[in-house]
Amino acid sequence: MNDGLNINPGLVYSTDSGRMCPDCGRPVGECRCRREKKQKILGDGRVRISRQTKGRKGKGVTVITGLPLSEEDLKELAKKLKSKCGCGGTVKDADIEIQGDQRDRIMAELTKLGYKPKLSGG
């Protein structure tokens with residue numbers, strides 16, 4: 001008698017491959033759905049480029065905010081942008097900081113990558 005409930009939710013353990021993921025049905029070591037859940041999207045999708053000097057003893061940095069990427073992808077993009085600009089930088093929280101006033105170069109590079117960045121601030 002089946003009253004709409006899923007009696008057999010799926011394979012939980014296999015003698016061939018061990019523990020199985022209940023969501024995708026793959027072995028836990030090859031599970032894709034949990035990896036995708038871990039990669040949380042940080043930005044809001046509105047890509048803004050600004051220049052800031054506050055708290056840096058007058059040294060300016062270019063800050064990119066709102067990129068809809070996971071932390072790993074942000075680090076990879078930051079590495080690419082630092083290489084293009086020929087300077088240092090870092091990823092803090094969900095923002096990329098590039099040393100110096102690099103707004104024009106970063107604007108061109110992000111546009112080339114398919115984003116629609118906007119200049120913000122002064």
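This is a short tour of the structure, stop by stop, with a suggestion of what to select at each one. Keep in mind that the model is predicted.

**Stop 1: the whole chain**

Start with a cartoon view of everything. You should find three helices and seven strands, and, read from the N terminus, the elements follow the order β-β-α-β-β-α-β-β-α-β. Switch to a surface if you like: the accessible area is about 8900 Å², and carbon and sulfur atoms account for 47% of that area. Of the 122 residues, 28% count as buried. Among contacts with a separation of 6 or more, 43% join residues 24 or more positions apart.

**Stop 2: the five-stranded sheet**

Now select S3, S4, S5, S6 and S7. Together they make an open sheet in the order S5-S6-S4-S3-S7, with mixed pairing. S5 and S7 are the edge strands, each pairing on one side only. As a reminder, strands of a sheet pair through backbone hydrogen bonds, either parallel or antiparallel.

Go to the S7 edge. S7 covers residues 118-119, and its pairing with S3 is parallel, over two bridges. Show Ile49 here, and you will see Leu119 of S7 opposite.

Then cross to the other edge and select residues 89-92, which are S5, along with residues 95-99, which are S6. These two strands are antiparallel and share four bridges. Pick Gly89, whose bridge partner in S6 is Ile98. Two residues lie between the strands of this hairpin, and Asp93 has a positive phi there, near 55°.

**Stop 3: helix H3**

Select residues 103-112 to bring up H3, then colour Arg103, Ile106, Glu109 and Leu110, which are buried. Look down the helix axis: these buried residues fall within an arc of 135°, so they line one face of H3. On the face turned away from that buried side, find the exposed residues Asp104 and Lys112.

What covers the buried residues of H3? Add S3 (48-52), S4 (61-65), H2 (71-85), S6 and S7 to the view, as the cover includes them. Before leaving, step just past the end of H3 to Gly114, where phi is positive, at about 105°.

**Stop 4: the largest nonpolar core**

In soluble globular proteins, nonpolar side chains tend to be buried together. Here the largest nonpolar core has 14 residues, and the ones touching the most other members are Ile64, Leu67, Ile96 and Ile106. At least two core residues come from each of H2, S6 and H3. H2 gives the most, with five residues.

Centre the view on Leu67 next. Beyond its neighbours within four places in sequence, Leu67 contacts Leu42, Gly43, Val47, Leu74, Leu77, Ile96 and Tyr115.

**Stop 5: two cysteines**

Finally, select Cys85 and Cys87 and show their side chains. Why is there no bond between the sulfur of Cys85 and that of Cys87? The two sulfurs are 4.9 Å apart, which is too far for a bond, given that a disulfide needs sulfur atoms within 2.5 Å. The structure as a whole holds zero disulfides.

Is each of this pair buried or partly exposed? Cys85 counts as buried because its relative accessibility is 8%. Cys87 is partly exposed, with a relative accessible area of 22%.

How values were computed. Residues numbered from 1 in each chain as written. Predicted model: local features only at pLDDT ≥ 70, side-chain atom pairs only at ≥ 80, totals over all residues. Heavy atoms only, no water. Pairing = 2+ DSSP bridges. Buried < 20%, exposed > 50% of the residue type's maximum accessible area, 1.4 Å probe, protein only. Arc of directions from axis to C-beta. Contact = heavy atoms within 4.5 Å. Areas by Shrake-Rupley, 256 points an atom, 1.4 Å probe, with all protein chains shown as cover. Core = buried A, V, L, I, M, F, W, Y, C linked by side-chain atoms within 4.5 Å.
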